[in-house]
Amino acid sequence: MEKAHEPRDLDLSAAQRGVWLVKVPKYLSEKWQQAGPGTDVGKLKIATPKFAGGKPEVVFSIDEKLAESLDKPGQECPKVHKFVLTGLVQQNMSVLCEDKPMSTTEDDEDAPPVKISVLGKIIQRAECRPVNDDTTYMKIKRQTFEMQNKPMRQVKQLERVVNTYKPKSNHFNNLEHDLRKKDEGKRSRLDKDKVMEILFSAFEKHQYYNVKDLVEITKQPVTYLKEVLKEICTYNMKAPHRNMWELKPEYRHYKEQSTSSDTT
C-alpha cells in the first residue's frame, strides 16, 4: 500500500499556547499585508469586565504612521475598531504552520525538510468591527456598494470620429468571382469541330494541359469543354501528370514524328 505522504516531525513546543482567531475587514488586512515585516500595525487595549462573568472590552487602534503612509486620497480607513467576542461552542481548533525554505524548490531533492509546527490552541474567537459612529467606514461601505452596482458597460461620448469597418454582405473578391462565373456562363458554345481544332492546335505545343488552361485557350464553358475532352483526350490520375489531360493515342502525331526521326 502506498503512503499518502512521507512522515514528518511536528513541532508541539507551542501547542498549549492560547491564541485568538479574529476576523478582520478586508481593508484592514490589506493594510497589514502592505506593512513590512516587524512593523507595529497598532495597539490592542483590553479592559477588564465591569462585573463578574462578563466579557472584556477589546479595542484595536491602528498605528497612525502606518495609516498615513498607506492611505491614499479618498481611501482612508477607520482608525479605531472594537472586538466582538464569541464563544467556541465546544470546538477544538489549533493553528498549524508550514515553514518552507525560501531558496529551494519543490523538485529539489537536496532541500531541507519542511518544518511543520503548531503555533497554539485557539481559546477565543472575535470579530473586528469599526465603531458605529465612524463616518470613514460608512464612506468605504458606500464606495464598495457603488462599485458592485456599477454597470459593466457604459455609454461613452466620443469627441472625434472613429474609423470603423462596417460589415459587408459580400466582399469584392466574391463579387469578382461571381462575375467571372457569369461571364463563363454567357460564353457562346462553338461548334464541336471548331473546339477540337483549337484543342489539337494547343496539344501540338504541349503534351499535357490542365482544365483551367484549356478554358482560357478555347474560351468555352467548363462543362461543355469537358464533354469534348472526354472524346479525344484521357484524364491522368497518377503522377507525375496527375489531374492533367492529354490526347488519346489515336490522335497523337508527335510520337510518330519522333519515331520516324529516330529511324532516319
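By a buried residue I will mean one with under 20% relative accessible area, by an exposed one a residue with over 50%, and by a partly exposed one anything in between. The model on the screen is a predicted one, and I will go through it from the chain as a whole to one strand, then to a group of three helices, and at the end to a few residues with unusual backbone values.

The protein chain has 264 residues, of which 21% are buried, and its secondary structure comes to eight helices and nine strands. If we take the contacts in the chain with a separation of 6 or more, 62% of them are between residues 24 or more positions apart. Arg8 offers an example, since its C-alpha lies 8.2 Å from that of Lys115 although 107 residues separate the two in sequence. Arg8 sits in the segment before strand S1, which covers 10–11, and, when neighbours within four places in sequence are set aside, Arg8 is in contact with Glu98, Val114 and Ile116.

Let me turn to strand S5, residues 80–86, where the two faces can be told apart: His81, Phe83 and Leu85 form the covered face, whereas Val80, Lys82, Val84 and Thr86 form the uncovered one. That is the pattern one would look for, because side chains in a regular strand alternate between the two faces of the sheet. Which strands pair with S5? Strand S4, residues 57–62, is joined to S5 by four bridges and runs antiparallel to it, and strand S7, residues 115–130, is joined to S5 by six bridges, again in an antiparallel arrangement. To place these pairings on the screen, you can look for Val59 opposite Lys82 in S5, and for Thr86 opposite Arg125 in S7.

Now to the helices H5, H6 and H7, which I will take pair by pair.

Helix H5, residues 192–203, packs against helix H7, residues 222–232, at an angle of about 70°, with the two axes 11 Å apart. Angles of 65 to 115 degrees count as roughly perpendicular, and H5 and H7 are therefore roughly perpendicular to each other. H5 passes H7 in a right-handed crossing. On the H5 side the contact is made by Lys192, Val195, Met196, Leu199 and Phe200, and on the H7 side by Tyr224, Leu225, Val228, Leu229, Glu231 and Ile232. Sorted by class, the residues of this contact are nine nonpolar and two charged, with no polar ones.

How do H5 and H6 cross? Their axes come within 10 Å and cross at roughly 120°, so H5 and H6 are oblique to each other, and the crossing is right-handed. Here Ile198, Leu199 and Ala202 in H5 meet Leu214, Ile217 and Thr218 in H6, a contact that divides into five nonpolar residues, one polar and no charged.

The remaining pair is H6 and H7, whose axes come within 10 Å and cross at roughly 105°, which makes H6 roughly perpendicular to H7. The residues involved are Val211, Leu214, Val215 and Thr218 of H6, together with Val222, Leu225, Lys226 and Leu229 of H7, and by class they come to six nonpolar, one polar and one charged. If you follow individual side chains, Leu199 of H5 takes part in the contact with H7 and also in the one with H6, while Leu214 of H6 belongs to the contact with H5 and to the one with H7.

Finally, the backbone. Most residues other than glycine have a negative phi, and most peptide bonds are trans, so the next three places deserve a look. Lys219, in the loop between helix H6 (211–218) and H7, has a positive phi, near 60°. Is Lys219 buried, exposed or partly exposed? With a relative accessible area of 44%, Lys219 is partly exposed, because that value falls between the 20% and 50% cut-offs.

The other two places share a loop, the one between strand S8 (233–235) and strand S9 (245–247), in which Pro240 lies and in which Asn243 lies as well. Ala239 and Pro240 are joined by a cis peptide bond, with omega about 10°. Asn243 has a positive phi, near 65°, and at 42% relative accessibility Asn243 counts as partly exposed.

Methods:
Residues are numbered from 1 along each chain as its sequence is written. This is a predicted model: local features need pLDDT of at least 70, side-chain atom pairs count only at pLDDT 80 or more; totals for chains, interfaces and linings use all residues. Side-chain values use heavy atoms; hydrogens and water are left out. Axes are lines fitted to C-alpha atoms, for helices over the stretch in contact, and angles run from 0 to 180 degrees between N-to-C directions. Angles under 35 degrees count as roughly parallel, over 145 as roughly antiparallel, 65 to 115 as roughly perpendicular and the rest as oblique. A crossing is left-handed if the near helix is turned anticlockwise from the far one by less than a right angle, and right-handed if clockwise. Contact means heavy atoms within 4.5 Å. Ala, Val, Leu, Ile, Met, Phe, Trp, Tyr, Cys and Pro count as nonpolar, Asp, Glu, Lys and Arg as charged, and the others, Gly among them, as polar. Buried means under 20% relative accessible area, exposed over 50%, partly exposed in between (1.4 Å probe, protein chains only). Two strands pair if DSSP finds at least two bridges between them.
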